[in-house]
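The following exercises are to be worked with the sequence and the model in view. Each task is followed by a solution in steps.

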Amino acid sequence: MIRLNLFFTDKDLLSRFQSGFRGGFSTDTCLIYLTDFIRKETDQGNYVGMLLLDLQKAFDTMDHSILIMKLSSTGLGKDIVRWFSSYLSDRQQLVDISGTFSSSATVTCGVPQGSILGPLFFLIYVNDMPAVIKNKLLLYADDSAI
């Protein structure tokens, strides 16, 4: 996991305004970016408004095919991307209520809960948001400030 984080950091593949799930970044980092931006804009006589977004069920709703496509575009080797694809595919889930089990169903989206790869996958999944949003965008995990 640490080597993967270093890969994305060394290659400057993650948005510099993503402060969640990264070593050396924190909520403080995000707040410092925000405070500096607001001060700069107000010093120039501009008004500042903000839209805050919190992605609901963020880790549960990541489409596997989109995630694999984004992983491929980062420059990871084909074998590594294939391994990640295998890790995400052919998973089943069911519900257990007091020993009564539902039918199993194939998991087609999301990452395994509590997995060590989940946060990194999420960062890669949302990493292109700044490219399509024309305003200042600050990211902290699944929270965004526009």
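**Exercise 1. Determine the handedness of the crossing of H3 and H4, and describe their packing.**

Step 1. The crossing of H3 and H4 is right-handed; by convention a crossing is left-handed if the near helix is turned anticlockwise from the far one by less than a right angle, and right-handed if clockwise. Helices (H or I, at least four residues) and strands (E, at least two) are DSSP runs, numbered from the N terminus.

Step 2. The axes of H3 and H4 lie 10 Å apart, and the packing angle is about 165 degrees. Axes are lines fitted to C-alpha atoms, for helices over the stretch in contact, with angles from 0 to 180 degrees between N-to-C directions.

Step 3. H3 and H4 are therefore roughly antiparallel to each other. Angles under 35 degrees count as roughly parallel, over 145 as roughly antiparallel, 65 to 115 as roughly perpendicular and the rest as oblique.

Step 4. On the H3 side, His64, Leu67, Ile68, Leu71 and Ser72 meet Val81, Phe84, Ser85 and Leu88 of H4, where contact means heavy atoms within 4.5 Å. The residues of this contact of H3 with H4 comprise six nonpolar, three polar and no charged. In this classification Ala, Val, Leu, Ile, Met, Phe, Trp, Tyr, Cys and Pro are nonpolar, Asp, Glu, Lys and Arg are charged, and the others, Gly among them, are polar.

The model is a predicted one: local features need pLDDT of at least 70, side-chain atom pairs count only at pLDDT 80 or more, and totals for chains, interfaces and linings use all residues. Residues are numbered from 1 along each chain as its sequence is written, and side-chain values use heavy atoms, with hydrogens and water left out.

**Exercise 2. Establish how the axes of H3 and H5 are arranged and which residues of H3 and H5 meet.**

Step 1. The axes of H3 and H5 cross at roughly 80 degrees and come within 9 Å. H3 and H5 are therefore roughly perpendicular to each other.

Step 2. Ile66, Leu67, Lys70 and Leu71 of H3 meet Phe121, Ile124 and Tyr125 of H5. By class, the contact of H3 with H5 has six nonpolar, no polar and one charged residues.

**Exercise 3. Locate the salt bridges of the structure and state what each pair joins.**

Step 1. There are two salt bridges in the structure, a salt bridge being a side-chain nitrogen of Lys or Arg within 4 Å of a carboxyl oxygen of Asp or Glu.

Step 2. One of them pairs the side chains of lysine 70 and aspartate 128, at 3.0 Å from N to O. Lysine 70 belongs to helix H3 (residues 64-73) and aspartate 128 to the loop between helix H5 (118-126) and helix H6 (129-132), so the pair ties together parts that are 58 residues apart in sequence.

Step 3. Lysine 70 is buried, at 14% relative accessibility, whereas aspartate 128 is partly exposed, at 40%. Buried means under 20% relative accessible area, exposed over 50%, partly exposed in between (1.4 Å probe, protein chains only).

Step 4. A salt bridge also joins the side chains of aspartate 79 and arginine 82, at 2.4 Å from N to O. Both residues lie in helix H4 (residues 78-88), three residues apart, about one turn of the helix. Aspartate 79 is exposed at 55% relative accessibility, and arginine 82 is exposed at 52%.

**Exercise 4. For serine 144 and leucine 55, give the location, the accessibility and the contacts, leaving aside neighbours within four places in sequence.**

Step 1. Serine 144 lies in strand S7 (residues 143-145) and is buried, at 6% relative accessibility. The contacts of serine 144 beyond those neighbours are Leu51, Leu52, Leu53, Met129, Leu137, Leu138 and Leu139.

Step 2. Leucine 55 is found in the loop between strand S1 (52-54) and H3; leucine 55 is partly exposed, with a relative accessible area of 33%. With the same neighbours left aside, Phe122, Val126 and Asp142 are in contact with leucine 55.

**Exercise 5. Where in the chain are aspartate 90 and serine 98, and what is the sign of phi at each?**

Step 1. Aspartate 90 is in the loop between H4 and strand S2 (92-93). Its phi is near 55 degrees, a positive value in a residue other than glycine, and aspartate 90 is exposed at 71% relative accessible area.

Step 2. Serine 98 occupies the loop between strand S3 (96-97) and strand S4 (100-101). Phi of serine 98 is positive, near 50 degrees, again in a residue other than glycine, and serine 98 is exposed at 80% relative accessible area.
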